[in-house]
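I opened this notebook to record what I looked up in one structure. The entries follow the order in which I checked things.

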Amino acid sequence: MRLGAVALASVSLLAMAPGGPPLLPERMADTGGGTQLITAEASRADATSGTLTWWDLHDGHWVKSGSAAARFGAKGLTEGGSRHQGTNTTPTGLYDLPYAFGIGPAPGGTRASYRRVHQDSWWCQDNDSRSYNRWTEPRPADCRAAESEHLIAYTRQYEHAFVIGFNYARPVRGRGAGIFLHVNGRGATAGCVSVSREAMRRVLAWADPARDPHIAIGTADGPTAITKY
């Protein structure tokens, strides 16, 4: 075998060799079945900050495509299945991303369904309303303004956002409504996940609905470990 061929073979073997510990998505119980994944991980359940990372599955292997500092609820994180509304906690679990929205126009390259916020756009969080945990436009009579979010009022946070599918498909009253991935405000959130404006725009340009992206939210270990979802 020629020297060049030997070198090429050696490089090929190195590429096939194990490259260290498994990446986070490879240690998870479920990644949603698609080929894109967002992980939002905190060091512990009472943390209000952590890391958001977005991943692509290529040839059976997860590849990190980007990451950013993230913020969580002011009271940390809690198991999504037993969360209570109004606790300022971010629900842990694995969720889909039904659609994106924003006060501003969709960033260039956005492929997700993107809904623009208008003056009469509300997110109903009233447990007594038929529109609980839904975008309403205009706000229906059975959805109290005091129990809802007037989306246009959050000019910074909702410049761009993704709806997180927590308690969305079959809403359970009292579990929580209006959990989003959105642009950072002044500090911790009321239960959402937030990142910088630049990171939010990058995520929107990256996400491809045809690849079924999901978001996994959790902690490094313990009962709410992200790897169990």
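Below are my entries on confidence, one pocket, and a handful of residues.

**Entry 1: confidence**

I noted at the start that this is a predicted model. I looked up the confidence and found a mean pLDDT of 93 for the chain, with 92% of its residues at 70 or more. I then turned to residues 1-17, where the pLDDT is below 50. Beyond near neighbours in sequence, this stretch has one contact in the model.

**Entry 2: the largest pocket**

I asked how much space lies in the largest pocket. I read a value of about 380 Å³. I listed its lining next and got 24 residues. Glu149, Thr189, Ala190, Gly191 and Cys192 are the ones nearest the centre of this pocket. I sorted the lining by class and wrote down 14 polar, seven nonpolar and three charged residues.

**Entry 3: Arg71**

I found Arg71 in strand E3, which covers residues 61-71. Is Arg71 buried or exposed? I put Arg71 down as partly exposed, because its relative accessible area of 27% falls between the 20% limit for buried and the 50% limit for exposed.

I looked up what Arg71 touches, leaving out residues up to four places away in sequence. The list includes Thr48 and Ser49, and also Asn184, Gly185, Arg186 and Gly187. Thr189 and Cys192 are among the residues that Arg71 touches, and I had already met both near the centre of the largest pocket. For Gly185 I checked further: the side chain of Arg71 reaches the backbone oxygen of Gly185 at 2.9 Å. I also took one distance along the way, and the C-alpha atoms of Arg71 and Ala216 are separated by 14 Å, with their positions 145 residues apart along the chain.

**Entry 4: Gln125**

I placed Gln125 in the loop between strand E8 (122-124) and E9. I recorded Gln125 as buried, because its relative accessible area of 15% is under the 20% limit. Which residues does Gln125 touch, not counting those up to four places away in sequence? I wrote down Gln85, Tyr132, Cys143, Glu147, Ser148, Glu149, Ala177 and Gly178. Of these, I recognised Glu149 from the pocket entry, where it lies among the residues nearest the centre.

**Entry 5: Thr136 and Pro138**

I found Thr136 in strand E9. Thr136 is buried, at a relative accessible area of 6%. Not counting residues up to four places away in sequence, Thr136 touches Asp120, Ser121, Trp122, Cys124 and Ser131. I compared its position with that of Leu24: the two are 112 residues apart in sequence and 37 Å apart in space, C-alpha to C-alpha.

I went on to Pro138, in the loop between strand E9 (134-136) and strand E10 (148-150). The peptide bond from Glu137 to Pro138 is cis, and I read its omega as near 5°.

**Entry 6: two asparagines with positive phi**

I looked up Asn88 and found a phi near 60°, a positive value in a residue other than glycine. Asn88 sits in the loop between strand E4 (77-79) and strand E5 (90-96). I noted it as partly exposed, at 31% relative accessibility.

I then checked Asn167, which is not a glycine but has a positive phi of about 55°. Asn167 is in the loop between strand E11 (161-163) and strand E12 (180-183). I recorded Asn167 as buried, with a relative accessible area of 11%.

Technical notes: Residues numbered from 1 in each chain as written. Predicted model: local features only at pLDDT ≥ 70, side-chain atom pairs only at ≥ 80, totals over all residues. Heavy atoms only, no water. Helix = DSSP H or I, 4+ residues; strand = E, 2+ residues; numbered from the N terminus. Buried < 20%, exposed > 50% of the residue type's maximum accessible area, 1.4 Å probe, protein only. Contact = heavy atoms within 4.5 Å. Polar contact = N/O pair within 3.5 Å; in protein donor to acceptor, adjacent residues only side chain to side chain. 1 Å grid on protein atoms, 1.4 Å probe; cavity = no way out; pocket = protein on both sides within 12 Å on 5 of 7 lines; lining within 4 Å. Points joined across faces, edges and corners; volume = space filled by probe spheres on them. Nonpolar A, V, L, I, M, F, W, Y, C, P; charged D, E, K, R; others polar. pLDDT = per-residue confidence, 0-100.
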